[in-house]
Amino acid sequence: MILAVAVALTAGVLAFVFLIRPEDLPPAEEAPPWAHLEEKRDVLYDNLRDLTFEYSLGKLSDEDYAKAKATLQAELGKVNAELERMQVQKPAKTAKAPAAPQPAAGTVCPHCGAKFDKPLKFCGECGKPMAGGGA
Ligand SMILES: [Zn+2]
């Protein structure tokens, strides 16, 4: 009898879990666009740990271990690079003023900051080469 109740409860819980599909959940607006990458990275780190653990138990041959480890590390490298790229490019929400239009290349001296109406090869103020080098 108790078992039957327990089974019924379990079935109810399972049905509840499976009835809530991801698309029914409210969108996680707070999650940054790279959140899934951080999750992926964590999973890869976990996999690496597990791999090392299984290798330490003698479940894997040296070759299998090296191959799997290289695969995971390559994947990790990609994820980390992508994460870095996204986080560097994240929009600065704190910026209040709209971004000033970028001056045309060669019109602002990178050395002394002097500004010119036309692009120049050499700064009219300090005489050093302007940005861009060989155009
Ligand atoms: Zn200058």
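Me: Which residue forms a salt bridge with Arg85?
Reply: This is a predicted model. Side chains of opposite charge can pair when their charged atoms come close. For Arg85, the closest N and O atoms of the pair are 2.7 Å apart. The partner is Glu82.

Me: Which helix holds Arg85 and Glu82?
Reply: Arg85 and Glu82 are 3 residues apart. That spacing is about one turn of the helix. Both residues lie in helix α3.

Me: Is Arg85 buried, partly exposed or exposed?
Reply: Buried means under 20% relative accessible area, and exposed means over 50%. Arg85 has a relative accessible area of 40%. Its salt-bridge partner Glu82 is partly exposed at 29%. Arg85 therefore counts as partly exposed.

Me: How many salt bridges does a search of the whole structure find?
Reply: One of them joins Arg85 and Glu82. Another joins Lys40 and Glu75, with the closest N and O atoms 3.6 Å apart. The search of the whole structure finds 6.

Me: Which helices does the pair Lys40 and Glu75 tie together?
Reply: The two residues form a salt bridge. They are 35 residues apart in sequence. Lys40 lies in one helix, residues 35-56, and Glu75 in another, so the pair ties together α2 and α3.

Me: Which residues are linked with Glu75 in a network of salt bridges?
Reply: Glu75 forms a salt bridge with Lys40. Glu75 also forms one with Lys78, where the closest N and O atoms are 3.6 Å apart. Glu75 and Lys78 both lie in helix α3, 3 residues apart. The residues linked with Glu75 in the network are Lys40 and Lys78.

Me: Is Lys78 buried or exposed?
Reply: Within the network, Lys40 is partly exposed at 39%. Glu75 is also partly exposed, at 25%. Exposed requires over 50% relative accessible area. Lys78 reaches 55%, so Lys78 counts as exposed.

Me: Which residues are the protein donors of the zinc ion?
Reply: Each donor atom is an SG. The donors lie 2.2 to 2.3 Å from the zinc ion. In sequence, the donor residues are spaced C-x2-C-x10-C-x2-C. They are Cys109, Cys112, Cys123 and Cys126.

Me: What is the arrangement of the 4 donor atoms around the zinc ion?
Reply: Four donors count as tetrahedral if all angles lie between 85 and 135 degrees. Here the donor atoms subtend angles of 103 to 121°. The arrangement is therefore tetrahedral.

Me: Are Cys109 and Cys123 buried or exposed?
Reply: Both are donors of the zinc ion. Buried means under 20% relative accessible area. Cys109 and Cys123 are both buried.

Me: Which residues does Lys128 touch, not counting residues up to four places away in sequence?
Reply: Lys128 is placed in the segment after α3 (62-88). Lys128 counts as partly exposed, at 43% relative accessibility. One of the residues touched is a zinc donor, Cys123. The full list is His111, Lys121, Phe122 and Cys123.

Me: What separates the C-alpha atoms of Lys128 and Pro110?
Reply: Lys128 sits in the segment after α3. Along the chain, Lys128 and Pro110 are 18 residues apart. Their C-alpha atoms are separated by 8.8 Å.

Me: How many helices and strands does the protein chain have?
Reply: From the N terminus on, the elements run α-α-α. The chain has 135 residues, of which 13% count as buried. The secondary structure comes to 3 helices and 0 strands.

Conventions:
Residues numbered from 1 in each chain as written. Predicted model: local features only at pLDDT ≥ 70, side-chain atom pairs only at ≥ 80, totals over all residues. Heavy atoms only, no water. Helix = DSSP H or I, 4+ residues; strand = E, 2+ residues; numbered from the N terminus. Buried < 20%, exposed > 50% of the residue type's maximum accessible area, 1.4 Å probe, protein only. Contact = heavy atoms within 4.5 Å. Donors = N, O, S within 2.8 Å, 3.2 Å for Na, K, Ca; no water. Tetrahedral: all angles 85-135°; square planar, octahedral: opposite > 155°, others 65-115°. Salt bridge = Lys/Arg side-chain N within 4 Å of Asp/Glu carboxyl O.
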